Amino acid sequence: MPFVNMKKAAQASGSSKSFAVKVTTMDAELDFTTVEHKATGKDLFELVCRTIGLRETWYFGLQYVDTKGYIAWLKFDKKVLDQDIPKEYPVQFLFLAKFYAEDASEELIQEITQHLFFLQVKQSILNMDIYCPPEASVLLASYADS
């Protein structure tokens with residue numbers, strides 16, 4: 001879907017009380033077409049968590065690239081549209097782990113949490129954002145689902 005100015009999109013759709021959001025997780029893309037203008041960061045985050053069935057929410061956040069090109073995290077206590085997000089349609093976010101568990105095998109209970117963590121760590125290793133010694137790479141590969 002091509003990007004358009006949010007104001008023009010709202011006028012064309014006849015509704016200026018909602019906006020569209022696209023959230024990309026490590027294994028899915030979620031489209032929300034009717035997010036209310038008054039929605040806070042917490043409202044949007046909880047909507048995403050409910051949609052993917054995530055209960056261990058405290059590790060995660062919604063990341064975006066602000067109007068200056070910097071990576072930022074959506075603030076829960078402010079309205080989504082009051083933050084420095086690009087005014088494009090749909091508004092795009094990445095659903096990522098913001099905090100890492102010290103002992104993942106003990107602290108991460110829910111399977112979806114473990115899966116999202118695994119995919120993000122795997123991607124970070126493949127992108128060489130984090131270093132992983134060869135021995136640890138073999139061990140991590142053994143945890144991968146077939």
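Modeller: Exposed means over 50% relative accessible area, buried means under 20%, and partly exposed lies in between. The model here is predicted.

Biologist: Is Glu29 buried or exposed?

Modeller: The relative accessibility of Glu29 is 52%. The cut-off for exposed is over 50%. Glu29 therefore counts as exposed.

Biologist: Which side chain does Glu29 meet in a salt bridge?

Modeller: A salt bridge needs a Lys or Arg nitrogen within 4 Å of an Asp or Glu carboxyl oxygen. For Glu29 the N to O distance is 3.3 Å. The partner is Lys22.

Biologist: How many salt bridges are there in total?

Modeller: The Glu29 and Lys22 pair is one of them. Lys42 with Glu46 is another. By this rule the count is four.

Biologist: Lys42 and Glu46 form a salt bridge; how far apart are the closest N and O atoms?

Modeller: Both residues sit in helix 2, four residues apart, and so are separated by about one helical turn. Lys42 is partly exposed at 42%. Glu46 is partly exposed too, at 34%. Their closest N and O atoms are separated by 3.8 Å.

Biologist: How many residues apart in sequence are the parts that Asp84 and Lys68 tie together?

Modeller: Asp84 and Lys68 form a salt bridge, with closest N and O atoms 3.6 Å apart. Asp84 lies in the loop between strand 5 (71-73) and strand 6 (88-89), and Lys68 in the loop between strand 4 and strand 5, so the pair links parts whose separation in sequence is 16 residues.

Biologist: Of Asp84 and Lys68, which one counts as exposed?

Modeller: Asp84 has 29% relative accessibility and counts as partly exposed. The other residue reaches 61%. The exposed one is therefore Lys68.

Biologist: In what order do the helices and strands run from the N terminus?

Modeller: The protein has five helices and seven strands. From the N terminus on, the order is β-α-β-β-α-β-β-β-β-α-α-α.

Biologist: What share of the contacts with a separation of 6 or more joins residues 24 or more positions apart?

Modeller: Contact here means heavy atoms within 4.5 Å. Among contacts with a separation of 6 or more, residues 24 or more positions apart account for 56%.

Biologist: What percentage of the residues is buried?

Modeller: The cut-off for buried is under 20% relative accessible area. The protein has 146 residues. The buried share is 33%.

Biologist: Which members of the largest nonpolar core touch the most other members?

Modeller: This core has 29 residues. Elements that each supply at least two of them include strand 2 (18-24), strand 3 (29-36), helix 2 (41-52) and helix 4. Leu44, for its part, contacts Val21, Val35, Leu62, Leu74, Val80 and Phe93, leaving aside neighbours within four places in sequence. The members touching the most others are Val21, Val23, Leu44, Phe60, Leu62, Phe93 and Phe95.

Biologist: What distance separates the C-alpha atoms of Leu116 and Asp27?

Modeller: Leu116 is in helix 4 and is buried at 4% relative accessibility. Beyond its neighbours within four places, Leu116 contacts Thr25, Met26, Asp27, Ile52, Phe60 and Phe95. Leu116 and Asp27 are 89 residues apart along the chain, yet their C-alpha atoms are separated by 7.8 Å.

Biologist: Which element gives the largest share of the lining of the largest pocket?

Modeller: The pocket holds about 780 Å³ of space. Helix 3 (104-107), helix 4 and helix 5 (134-143) each give two or more lining residues. Nine come from the top contributor, helix 4.

Biologist: How many residues of that pocket lining are nonpolar?

Modeller: The lining has 22 residues, with Gln114, Phe117, Phe118, Leu140 and Tyr143 nearest the centre. Four are polar and four are charged. The nonpolar count is 14.

Biologist: Which residues does Ser124 contact, leaving aside its neighbours within four places in sequence?

Modeller: Ser124 is in helix 4 (residues 111-126). Its relative accessible area is 15%, so Ser124 is buried. Its contacts are Asp129 and Ile130.

Biologist: What is the value of phi at Met128?

Modeller: Met128 is in the loop between helix 4 and helix 5, and is exposed at 73%. Its phi is positive, in a residue other than glycine. The value is near 60 degrees.

Biologist: Which residue does a cis peptide bond join to Tyr89?

Modeller: Omega of this bond is about -5 degrees. The partner lies in the loop between strand 6 and strand 7. That residue is Pro90.

Conventions
Residues are numbered from 1 along each chain as its sequence is written. This is a predicted model: local features need pLDDT of at least 70, side-chain atom pairs count only at pLDDT 80 or more; totals for chains, interfaces and linings use all residues. Side-chain values use heavy atoms; hydrogens and water are left out. Buried means under 20% relative accessible area, exposed over 50%, partly exposed in between (1.4 Å probe, protein chains only). A nonpolar core is a set of buried Ala, Val, Leu, Ile, Met, Phe, Trp, Tyr and Cys residues joined through side-chain atoms within 4.5 Å. On a 1 Å grid over the protein atoms alone, a cavity is a set of points where a 1.4 Å probe fits but cannot get out, and a pocket is an open set with protein on both sides within 12 Å along at least five of seven lines; lining residues have an atom within 4 Å of a point. Grid points are joined across faces, edges and corners, and a volume is the space filled by probe spheres set on the points. Ala, Val, Leu, Ile, Met, Phe, Trp, Tyr, Cys and Pro count as nonpolar, Asp, Glu, Lys and Arg as charged, and the others, Gly among them, as polar.
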